[in-house]
Every structure is written in C-alpha cells, then in structure tokens.
Amino acid sequence: MQLIYEKSVPGRRGVKLPASDVPVAAALPAALLRTEAAGLAEVSELDLVRHFTNLSRRNFSVDTNFYPLGSCTMKYNAKVLENAAVLFAPFHPMTALLPGGVEACQGSLGMLYDLGQMLADITGMDEVTTQPLAGAHGEMTGILLVSAYHAARGNKAKKKYVVVPDSSHGTNPASAAIAGYEIITVPTAPYGDMDLELFKKAMTDEVAAVMITCPNTLGLFNPHIKEISDIAHSHDALMYYDGANLNAIMGKVKPGDVGFDVVHVNLHKTFGTPHGGGGPGSGPVGVKKALIPFLPQPRIVMDDDGQFLFDAPRTASIGRTANFYGNFGVMVKAYAYIIMLGRVGLIRVSEQAVLNANYIKERLKPYYDLPYDMTCMHECVFSASKQLAHGVHAIDISKFLIDRGYHPPTVYFPMIVKEAIMIEPTETESKATMDAFIEVMIEAARTAETNPQALHDAPLTMPISRLDETKAAREQNVCCQW
Ligand SMILES: *Cc1c(COP(=O)(O)O)cnc(C)c1O
C-alpha cells in the first residue's frame, strides 16, 4: 500500500479554506511562526477518503471480528452511546468557569454528579472522582490518596510498603512504585489466589496498602477477600481494589462491602467505551468516607436546592489529576450505558460474561492445559504446555487464529502461567460465535500434534507475517513498505 505522501501531486487540493481573519502574527511569538510550507501531502478528498478507509480495513476491531483479548474486555460498544457523547460536544470545557457558567451547565454537571453517584453505588464507595484518564492513572490517583491519608495521620515516614499479589495486573506494582512505595510481592497458592499464610507474614504496620486485582489475572475471585481486608485493616493498611474489569461482579458484589477503601474502574473496559486504539479512556476512583477530603478538585456537589456546583477549595486535596473534568465524552458514554441497561441489565452483563468464559473454559479443557481448574469469572487462563511438547508455543497458536479471522487472546500474561493463553469472550458474544472460535482452537491443538510447522508458518494471510514485537513497540517505523 502506498503512503499518503506517495500519492501527493503538487497543487492538488482536497479542501479550500477561506483566508484566516485572525491576526495570527499578533498573537504568536515570531519564533513559533512557520516560515516554510508544512510539506503536507497534496491529495484530493477522494484520495484521502480511500487512503484512510483502506488503512482502517487493515485494522482488527470488535466491529469486524471476535476479539477475545483477556484482561481487556473488548466487548461490543453500542453506537447509540457515541450519539449520546456527540450531544454534549458543543459545550466547551471552559463554559462552567465563565460568569454564569455554572447555571448554564447544570445538565453537564448534573450528568457528572449522577455518574459519580452511580459508580459509587456499583462499587460500594462513598464518593467518586471522574478525573483520572485511564486505569493506571486511576491507580496512581488512588495510591496518592492512600499516601495523603497516612500523611494526615502523621504516618508518612512509617508507611513504606505496598503489598501486591503476583496475580495482580502489572500496573499495580508499577503505580505504587511511582508513588514512592516499595513493593512486597506475595506468590499465588495452588488454589489460584494470593497465598494467605505468606500474606500474613508480609503484613506489618509499615504496610500502607494492599493492592488487589479482583478477579485476579487468572480470572478467579479471591474467596478470602474479607479475611485479607480484616488483616490489612488491623495493621492500619488500606485496601485497594483494581476494578479495571468490573464485568464479572457488577450487581453481584460491591468492593466496599468486602472491606476495600479505594477502587478504580475502567469506563473503557466495562462501561461501553471503545479502547485499544479506539479512543480515550477514563479511570474513575471511588473512596470510602475517610479518604474524601483528599480527593482531586474541583468536585461537583449538589446544594440543598438541587443545584450542581463546584466545592470550595480544600488544602487536604491531592490537587488536580487531569484538566477540567477528565475525559468528558467517555463519561457521557458510561452514563448512557448504565442508564440504558439499568440495575437488572448490569447484573445480566456480569452473569452472561461469566457464563461465556466458563463455557469456553469447559469446552477447551480437553485440548489445552488448565492450570487452575475451577469456576472462573469473566476470563479463563489456559497454558499451551501440552502443545509445547510438539514445539508449538502460545504465540504460534495466536498467529494461526489471525489467519482464521480471530484476534488472538492475550498470551504470555499473566506471567505466573507458562505459555499463558488468556481468553475473555465478554457478554456481547453469541454462542454461535464462541462455538466457531472453539472449533478453530481445537483445530490449532490438533495441528500442533500433526503438523507443527503449519503453526510456525502462520500467519499467511496478513500483509506482514511476524514482527519483532519488542522492536515494533520501541522502534516504531510507521513508514515501512507493505
Ligand atoms: C487494563 C487494566 C489496567 C490498566 O488500565 P489502562 O486504562 O490500560 O491504564 C489495570 N488493571 C487491570 C486489571 C487491567 O485489566
């Protein structure tokens, strides 16, 4: 495929803009003014439309194929939610800050307030900030809140550690380390969750927080969660819940009810917003009462007359974590998603997501090793260790799936499972789609035994075969020829 620059013809135009009536030179420093033309591709509108449409057809997306990428919750995002976000597009984020702006923006502010209330209800928390822009950003915000909490109680120097099970998402220890904590990692027991005895040994009064991905990255819900919370609290440590994937537990269990003090959720996984190159994210953070004074500002509150306004500045606040209100459009989509489904709908989402994951787990169990053989939540984790006996790795199976029109599952994660294959079907897939996928997975397992080379050769249908994936991420060359 040609690059857009190779289609460029001097003088060809797609649009004709009117002359600017803004005196640019007056507003910008001379050093910033361009002295030469930008050297953009000169193409017609049709050239441009074809170029980007053809590029988009090389993209893999939930809208085109099954995308069982574990931990990422690649569910179908209803288009009506995009319409809802567009309704709010004309409002400039500065509007509320202008004189009379708060009165003019009651609808938008009320939407943000209501979304916070609904997320607080779903997670069992007392208050929610919608500012963080992603899951990891929510974690960072949450850990800064933990830090501020201990500092306010005079324990800043004493609280040095964050305890993280090795089945937690990798962003958990990373966020805690960036926030200045040392990490204590607790291994997973044969029952698929943090080893309770080792956890007890790790806990001291120097632990600031216990950070748990729940369900964990093996797709399992920790049955000892209440006991773990009680132990953590007895050491004055706070409980952090990574709720990036809330898909298995909505309406079933509230993190706040089992002892968690801080939780983040990913609106771009569970709550109807595309991600993975599909758009911006949002990682709201919910907290229990004791942490409310430290929340980022401004916060939207409701006065006695039902008017929405910004709360008064507080010195205890950790400050802003994002411009304005966070990624506003994402919040509109999440709000519309929750309203559209309602309480019963959200419960059904969880039930269907868990049922689908268990269906795939049971049907593939005879063909792939299942290191933790128990009822899973929204995802299941296999190992390609049986296939490895024939020299076939998880990566070979994923490349084979690409040739059959499926996005590969997450592979080599979680790292505690050798040759991991992590499958998350989500609630939006039909039995027929899952059955077709299962047949291809079975075909891959059979091919591993009969013709391993065929798996090593895959993919055969793509413009590029196998990339050096590390180099592709670190030394991007978007100009390579296909
Ligand atoms: C995706 C994910 C995160 C990180 O979310 P981002 O929005 O990618 O920063 C954290 N924890 C878990 C369990 C996740 O699945």
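Author: Buried means under 20% relative accessible area, exposed means over 50%, and partly exposed lies in between (1.4 Å probe, protein chains only). This is a predicted model, in which local features need pLDDT of at least 70 and side-chain atom pairs count only at pLDDT 80 or more, while totals for chains, interfaces and linings use all residues. Residues are numbered from 1 along each chain as its sequence is written, and side-chain values use heavy atoms, with hydrogens and water left out.

Reader: Is Ser-167 buried or exposed?

Author: Ser-167 sits in the loop between β2 (161-165) and α7 (171-178). Helices (H or I, at least four residues) and strands (E, at least two) are DSSP runs, numbered from the N terminus. With a relative accessible area of 2%, Ser-167 is buried.

Reader: Which side chain does the side chain of Ser-167 join in a polar contact?

Author: Contact means heavy atoms within 4.5 Å, and beyond its neighbours within four places in sequence Ser-167 is in contact with Thr-188, Asn-216, Thr-217 and Ile-416. A polar contact is a pair of N or O atoms within 3.5 Å; within protein, one must be able to donate a hydrogen and the other to accept it, and residues adjacent in sequence count only if both atoms are side-chain atoms. At 3.4 Å, the side chain joined to Ser-167 is that of Asn-216.

Reader: How much of the ligand's accessible area does the protein cover?

Author: A side-chain N or O atom of His-268 is 2.7 Å from an oxygen atom of the ligand, and a polar side-chain atom of Asn-266 lies 3.1 Å from an oxygen atom of the ligand. A polar side-chain atom of Asp-242 lies 2.6 Å from a ligand nitrogen atom. Areas come from the Shrake-Rupley method with a 1.4 Å probe, and for residues only the protein chains shown count as cover. Of the 380 Å² that the ligand has accessible on its own, the protein covers 84%.

Reader: Which element gives the most residues to the shell around the ligand?

Author: A residue is near the ligand if one of its heavy atoms lies within 4 Å of it, and of the 14 residues around the ligand, Gly-135, Ala-136, Asp-242, His-268 and Lys-269 come nearest. With 3 residues, the element that gives the most is α6.

Reader: Where does Gly-272 lie?

Author: Gly-272 is buried, with a relative accessible area of 1%. Not counting residues up to four places away in sequence, Gly-272 touches Asn-77, Leu-81, Leu-267, Lys-333 and Tyr-337. Its place is the loop between α10 (267-270) and β7 (285-287).

Reader: Which element gives the largest share of the largest nonpolar core?

Author: A nonpolar core is a set of buried Ala, Val, Leu, Ile, Met, Phe, Trp, Tyr and Cys residues joined through side-chain atoms within 4.5 Å. In the largest one, of 58 residues, Phe-199, Met-203, Val-210, Ile-212, Leu-267 and Phe-271 touch the most other members. Elements giving two or more residues include α5 (106-123), β4 (207-213) and α11 (328-364). The largest share, 10 residues, comes from α11.

Reader: How many residues of helix α13 are buried?

Author: Helix α13 spans residues 394-403, and its buried residues include Ile-397, Phe-400 and Leu-401. These buried residues of α13 pack against several elements, among them α14 (431-450) and α16 (469-474). Of the 10 residues in α13, the number buried is 9.
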